[in-house]
Amino acid sequence: MRRKFIAGNWKMNKTPSEAVTLAAELLPLVKNDEEDVVFCVPAIDIVPVVAAVKGSNVKVGAQNMYFEDKGAYTGEISPLMLKDAGVDYVIIGHSERRQYFGESDEMLNKKILKAFEHGLTPIICCGETLEQREEGITLEWIKGQITAAFQNVSADLAKASVVAYEPIWAIGTGKVATSEQAQEVCGYIRKCICELYDEATADEIRILYGGSVTAASAPELFAMPDIDGGLVGGASLKPDFGGIVNYK
Ligand code: PGA
């Protein structure tokens, strides 16, 4: 039985002091020992939020990292810095990173391998545009993204990783995918993992849905057989996130 995994993606919101206030506000609402609960916060908020959630059930994630340990990469954040600061997870390949910052499948694969090397669990994002869905090439596109992401990743590491299916047309639009649409793609991702590795790996890996998840839509989405939780943007900044975590 896979443990549910609910991560909030705060994106570029909250200053360090605001982040501490939000974390304190959310902590009592997101208590849940049966699930993994993660706040993926802006880089500058990591240190104060790690301190704010200490002793609670919440873990902290980053939203991005670079694929080198250290060096002349002005403005970048190393996995060693994340690890030392107390981070456990890192979102890799969010569609906003791909779209606005030109991150390619190859670059994301390097980041994924580097994250594993330093004991960080990547939350690997994939998803299609509305045009791709309308053209009927969603599954093919997702297969390409998944295959590229897992290049040279061993089965043991793949097992421990988290994949987030986030249709781009559903992100921040209020237009949530139906649970059937989300299940179809999450089930397909599991099938791809089975083809790349084996059934045991496909059984263990956690696959999330993301895109306008709210406390109202979470119960139906998370009840689908291949949806193991959510990556939540807008609603993760509000008390609603408590309703998502405790959706049952
Ligand atoms: P949203 O964002 O919940 O605001 O749609 C999800 C995401 O981008 O991870």
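User: How much space lies in the largest pocket?
Analyst: About 580 Å³ of space lies in the largest pocket. A pocket here is an open set of points on a 1 Å grid over the protein atoms alone, where a 1.4 Å probe fits, with protein on both sides within 12 Å along at least five of seven lines. A volume is the space filled by probe spheres set on the points. This is a predicted model, in which local features need pLDDT of at least 70, side-chain atom pairs count only at pLDDT 80 or more, and totals for linings use all residues. Residues are numbered from 1 along each chain, and side-chain values use heavy atoms, without hydrogens and water.

User: Which residues lie nearest its centre?
Analyst: Met12, Gln63, Asn64, Arg97 and Phe101 do, out of 21 lining residues; a lining residue has an atom within 4 Å of a point.

User: And what classes are in that lining of the largest pocket?
Analyst: It divides into 12 nonpolar, 5 polar and 4 charged residues, with Gly counted as polar.

User: Where does the ligand sit?
Analyst: The ligand sits in the second largest pocket, meaning that more than half of its atoms lie within 2 Å of the grid points. About 220 Å³ of space lies in that pocket.

User: Which residues come nearest the ligand?
Analyst: Lys11, His94, Glu166, Gly172 and Ser212 come nearest, of the 13 residues around the ligand; each of the 13 has a heavy atom within 4 Å of it.

User: What polar contacts does the ligand have?
Analyst: Among them, a ligand oxygen is 2.6 Å from a side-chain N or O atom of Glu166, and one is 2.8 Å from such an atom of Lys11. A polar contact is a pair of N or O atoms within 3.5 Å.

User: How much of the ligand does the protein bury?
Analyst: The protein buries 95% of the 280 Å² that the ligand exposes when taken alone, by the Shrake-Rupley method with a 1.4 Å probe.

How values were computed
Polar contact = N/O pair within 3.5 Å; in protein donor to acceptor, adjacent residues only side chain to side chain.
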